[in-house]
Amino acid sequence: MTEQRVVTIGDVARRAGVSPSTVSYVLSGKRPISQPTRERVLETVRALGYHPHAGARALASNRSNVLALIVPLHTGLYVPVLMQFAIAVVTAARAYDHDVLLLTQDEGDKGLQRVAASALADALIVMDVELHDQRLPLLRELDRPSVLIGFPAEATGLTCIDLDFAAAGAACVDHLADLGHRCVALVGSPPVVYQRSLGFARRTAAGFSDALRRRGLAGTVRPCEPTPDAVLATVRELLTEYPDLTGVVVHNEPAVAPLLDAFRALGRRVPEEVSVVAICPDDVAERVRPRLTSVNIPAEEVGRRAVDLVIAKLDGRTVPDATLLPPVLTVRDS
């Protein structure tokens, strides 16, 4: 049986009628190549089934072709949504021929220093961003590019991307106000999330509260553990303290189904007597009954664009400091 010969960069160059260095530049993007030449080279790469040798490429470029995704798995976070972000990052990284190193331990600065001091990864994507995150000074000083999924209170010198959670909270209030509701509550994340000052939760609450004042509505923000008993107790307290409550925003994915169960248990019909709007992934809003009107958390888009940003920084291109995705509210049955 004859062994199949491995296709080399020289084979691609000869077939495409260019130099090996031109093939390398097309694949690495390190130098601009004319569009016709680039297309001819890429077509030849596909036709011959050429695969750059990862080890040689890493040595030549001084890169590992690995991105580090830092996602500390703290109490109070909804892991399925975090994994949606992680899957989006992994998928987008593969399109750039990069792998992803997933770091889930809460190591703070030490984790960043360990990655930066080694050849483990070329760049970092950081999640679980607190308003006053202790990792920020080091991130500003590292010699490796980084992108934050989330916004701290002071983002100068950083590259950040996320859903505009303040606008999301406000959009939910505006939707309920436009329906005629005059008393609205936010059933938010578990208390530990606010105690840690995680940006997404604090910004949602701020946007919600600002919109209440702007629209002249009564209401409150209530952190809530996502257990059925805790949700039932929270809903009972809200209805006791705010007997005119007719609108609820829920920003706590595992509390969505228990919240609807709690209203049913307390004799309040959704949507006939109480309107409910969620800030959550679309699949969470659509699998309960009634299907919830919601602002989607665009994990796939945020993850993909975070990779686009960090790859651009690796290549020395200028990127925007802040990318805030506008909220999209989808009206359903609630």
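1. Two rings of Phe, Tyr or Trp (its six-membered ring) count as an aromatic pair if their centres lie within 6.5 Å. By that criterion, a search of the whole structure, which is a predicted model, turns up one aromatic pair.

2. The pair consists of Phe165 and Phe200, with 5.9 Å centre to centre and 55° between the planes. Planes under 30 degrees apart would be stacked and those over 60 edge-to-face, so the arrangement of Phe165 and Phe200 is classed as tilted.

3. What does the pair tie together? Parts that are 35 residues apart in sequence. Phe165 belongs to helix α8 (residues 165-178), and Phe200 to helix α10 (residues 199-215).

4. The two partners fall into separate accessibility classes. Phe165 has 6% relative accessibility and therefore counts as buried, the limit being under 20%. Phe200, with a relative accessible area of 25%, is partly exposed.

5. Phe200 also appears in the description of the second largest pocket, where Leu77, Tyr78, Val81, Leu82 and Phe200 are the lining residues that lie nearest the centre. In total, 30 residues line this pocket, and its volume is about 490 Å³.

6. Which elements give two or more residues to the lining of the second largest pocket? They are α5 (79-95), α9 (191-195) and α10. The largest share comes from α5, with three residues. Helix α10 is also the helix that holds Phe200 of the aromatic pair.

7. By class, the lining of the second largest pocket is made up of 19 nonpolar, seven polar and four charged residues. Anyone preparing a figure of this pocket can start from the residues nearest its centre, among them Tyr78 and Phe200.

8. A separate point concerns helix α1 (residues 9-16), which contains Asp11. Is Asp11 buried or exposed? Its relative accessible area is 11%, so Asp11 is buried. The side chain of Asp11 makes a polar contact of 2.6 Å with the side chain of Arg14.

9. On the strands: six of them form an open sheet with mixed pairing, in the order β7-β6-β8-β9-β10-β12. The edges are β7 (218-222) and β12 (329-330), each of which pairs on one side only.

10. At the β7 edge, the neighbouring strand is β6 (residues 183-187). Strands β6 and β7 run parallel and are joined by five bridges. Within this part of the sheet, Leu186 stands opposite Val221 in β7.

Definitions and conventions: Residues are numbered from 1 along each chain as its sequence is written. This is a predicted model: local features need pLDDT of at least 70, side-chain atom pairs count only at pLDDT 80 or more; totals for chains, interfaces and linings use all residues. Side-chain values use heavy atoms; hydrogens and water are left out. Helices (H or I, at least four residues) and strands (E, at least two) are DSSP runs, numbered from the N terminus. Buried means under 20% relative accessible area, exposed over 50%, partly exposed in between (1.4 Å probe, protein chains only). On a 1 Å grid over the protein atoms alone, a cavity is a set of points where a 1.4 Å probe fits but cannot get out, and a pocket is an open set with protein on both sides within 12 Å along at least five of seven lines; lining residues have an atom within 4 Å of a point. Grid points are joined across faces, edges and corners, and a volume is the space filled by probe spheres set on the points. Ala, Val, Leu, Ile, Met, Phe, Trp, Tyr, Cys and Pro count as nonpolar, Asp, Glu, Lys and Arg as charged, and the others, Gly among them, as polar. A polar contact is a pair of N or O atoms within 3.5 Å; within protein, one must be able to donate a hydrogen and the other to accept it, and residues adjacent in sequence count only if both atoms are side-chain atoms. Two strands pair if DSSP finds at least two bridges between them.
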